[in-house]
Amino acid sequence: MKQSTLIWTILMVAGGAYILYQASQGHGRVFVREVPVEAKSSVKGSEQTYEWTKYQVVPAKDKNQKDVRFNLSRTIGLWVAAFCTLAIFSFLYGDNPVYKFTESVFVGVSAGYAMVVAFWSEIIPNLFGKLFPSKAKEIFFLDIEEKSMEPDLWYLVPLVMSVLLLLRLSPKGSWLARWPLAFFIGATAGIRLISYLEADFVGQIQNTIMPFIVFGADGSWQIVESLKNTIIILGVVSCMVYFFFSIEHEGFVKYVSRLGVWFLMVTFGASFAYTVMGRIALLSGRLEFLFQDWLGIGS
Amino acid sequence: MKRTIPLFISAVTGFVLIGTAFIPKFVDWGNDAMAWFNILAAFAFILGGGNLLKMQLQKISSQQPGWGYAAVTLIAFFITLVAGLFKIGVYPNVNAAQLSWSGDFLQEGSFFWWLYEYIYNPLSATMFALLAFYISSAAFRAFRAKNSEATVLLVIAVIVLLGRTYAGEWLTGGLSDENILGFQEVKYSDFSLPHLSQIIMDVFTTPGMRAITIGIALGVASTSLKVLLGVDRSYLGSDQEA
């Protein structure tokens, strides 16, 4: 056995034993409080009442309270989530079957999740609801006003385009999928053209047009504010000069563009730092989940 | 025909949407086009799911290496789909208790919520968290002060990283509020890492971000015009594909 394999095996056995010990101490269990719900039918004249129970997660220390009980499905979920987290982290040791298994599960669940969200948040309310409003109100209780119960036949257009889009999967009719794709591309281009020019191009230039010399309300010269504005204006201009590739970067232009490079390096450095911090925050979130929520250490 | 109609559709759609920004009378057209766009985007997810199904089934039927994982993907996909589409474990909306389908599909306690909370969420968060190790390792190898620009990048990254964490406060929190050399607007505490980090973000990062944003806006505008005028037809694919 290789030395590294031996070390990892010892570590994993020790980790597994510790997890079992923590589990035997009552950690890794979810307790819920039962909240009874009672709702009456919204149909006029109907007095029927419907009852069900909602569950509210409570801290483990409250497990002996009234109406609080152990919840098996959420406990299994907690252990599944912990397994998934550890399985992904196992990639740090190297590509392995456990990682590949969870990766495959992730792909499948993500695709299914995206489809379900698209179906319930877009297709049902905005397509089915427009074409068959009375049926939609009857089945799904959408917030449809009584006055807009007439079907909007214009929505047959996106329905037809959507069917054409799905033809992309068919070997013969896939060229028809270009039509909805063209609509998609055209709409994106039209929306982006205006929004980017308005918010990013004009907006950023507007924000950069500011005074070099700033005076306070009492007429005094605000040195720090003036310096800030000057740095921002010079920075934006020098960065723009660097991005202007239609002229040779020689002589004066070369020095200005070099200043622009320095500003860009500052931007990239700060952006990198932010990215690292974001990832570290996610990592600490996962470790917090493992140690506190699952193993009950430090909670 | 196979290329002309799509070009016409994209041009008309794009110019109508541009027109809505200038002619208030067209605003309703623009809203309708946006609603259609969202519906098509939703169907694009279904197309994506269908494509995933096709690819994984091909992998399984031809018994390619790792076909077992393709089967796992398909099983996870179908379980999620059934749980979400049939709203398994979802209770009705309290305002419409007689309608069994009226509850929210992501309602707490439902099977779809369980899959989201205990599988999708931990997996996606851990996948991104894993990048922390690789980004640190990449930085360790790439961040060498080889020249002045690389040194600036390194120093700024370190200042911002330290300044935005407890380490910055711990290292430089003790700097006094006294003026430097009697200069009223500058104090020793202005050189603390959190303050320096704030100045970098407010003053020195802004020009770079603005220039990049302006560049992106110009790029998007020119690409959009190329697409709408039919100069860029790459989205139509090749003729062989038809």
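User: In chain B, how many residues of domain 1 are in contact with domain 2?
Analyst: 6 residues of domain 1 of chain B touch 4 residues of domain 2 of chain B. Keep in mind that this is a predicted model.

User: Where do those two domains run in chain B?
Analyst: Domain 1 of chain B spans 1-62, and domain 2 of chain B spans 145-230.

User: How far apart are their centres?
Analyst: The C-alpha centres of these two domains of chain B are 39 Å apart.

User: What area gets buried between them?
Analyst: About 360 Å² is buried between domain 1 and domain 2 of chain B. Carbon and sulfur atoms give 80% of that.

User: Which residues on the domain 1 side lose the most area?
Analyst: B:Leu7, B:Ser10 and B:Phe15. Together they make up 69% of what the domain 1 side buries against domain 2 of chain B.

User: How many salt bridges or polar contacts link these two domains?
Analyst: The salt bridge count between domain 1 and domain 2 of chain B is 0. The count of residue pairs in polar contact, both at pLDDT 80 or more, is also 0. By class, the domain 1 side that touches domain 2 of chain B has 4 nonpolar, 2 polar and no charged residues.

User: Switching to the A/B interface. What area is buried there?
Analyst: About 11700 Å² between chain A and chain B. Carbon and sulfur atoms contribute 81% of that area.

User: And how many residues are in contact?
Analyst: 125 residues of chain A contact 122 residues of chain B.

User: How many salt bridges between the chains?
Analyst: There are 2 salt bridges between chain A and chain B. One of them pairs B:Glu149 with A:Arg258. Their closest N and O atoms are 2.7 Å apart.

User: What about polar contacts across that interface?
Analyst: 14 residue pairs are in polar contact across chain A and chain B, with both residues at pLDDT 80 or more.

User: Which helix of chain A gives the most to that side?
Analyst: Helix 3 of chain A, residues 97-131. Helix 3 puts 27 residues into the side of chain A that touches chain B.

User: How do the residues on that side divide by class?
Analyst: The side of chain A that touches chain B has 86 nonpolar, 24 polar and 15 charged residues.

User: What's the salt bridge count over all chains?
Analyst: The count is 6 over all chains. A:Arg69 and A:Glu34 form a salt bridge, with the closest N and O atoms 2.5 Å apart.

User: Where do A:Arg69 and A:Glu34 sit?
Analyst: A:Arg69 is in strand 3 of chain A, residues 68-70. A:Glu34 is in strand 1 of chain A, residues 31-40. The two residues are 35 residues apart, so the pair links distant parts of the chain.

User: New topic: where does A:Trp221 lie?
Analyst: A:Trp221 is in the loop between helix 6 (178-208) and helix 7 (223-243) of chain A.

User: Which residues is A:Trp221 in contact with, leaving aside neighbours within four places in sequence?
Analyst: A:Ile213, A:Val214, A:Phe215 and A:Ser226. With A:Ser226 there is a side chain to side chain polar contact at 3.1 Å.

User: How far is A:Trp221 from A:Cys239?
Analyst: Their C-alpha atoms are separated by 28 Å, with these positions 18 residues apart along the chain as the offset.

User: Where does UniProt place the transmembrane region feature in chain A?
Analyst: The unreviewed UniProt entry places it at residues 6-23, 76-93, 105-132, 153-170, 176-195, 230-247 and 259-282 of chain A.

User: How much helix is in residues 6-23 and 176-195?
Analyst: Residues 6-23 of chain A are 100% helix and 0% strand, with end C-alpha atoms 26 Å apart. Residues 176-195 of chain A are 90% helix and 0% strand, and their end C-alpha atoms lie 30 Å apart.

Methods:
Residues are numbered from 1 along each chain as its sequence is written. Chains are lettered from A and ligands numbered from 1 in the order in which they are written. This is a predicted model: local features need pLDDT of at least 70, side-chain atom pairs count only at pLDDT 80 or more; totals for chains, interfaces and linings use all residues. Side-chain values use heavy atoms; hydrogens and water are left out. UniProt positions are given in the numbering used here, feature names are shortened, and annotations may be inferred rather than shown by experiment. Helices (H or I, at least four residues) and strands (E, at least two) are DSSP runs, numbered from the N terminus. Contact means heavy atoms within 4.5 Å. Buried area is the accessible area (1.4 Å probe) that two parts lose on being put together, summed over both. A salt bridge is a side-chain nitrogen of Lys or Arg within 4 Å of a carboxyl oxygen of Asp or Glu. A polar contact is a pair of N or O atoms within 3.5 Å; within protein, one must be able to donate a hydrogen and the other to accept it, and residues adjacent in sequence count only if both atoms are side-chain atoms. Ala, Val, Leu, Ile, Met, Phe, Trp, Tyr, Cys and Pro count as nonpolar, Asp, Glu, Lys and Arg as charged, and the others, Gly among them, as polar. Domain bounds come from an automatic or database domain assignment.
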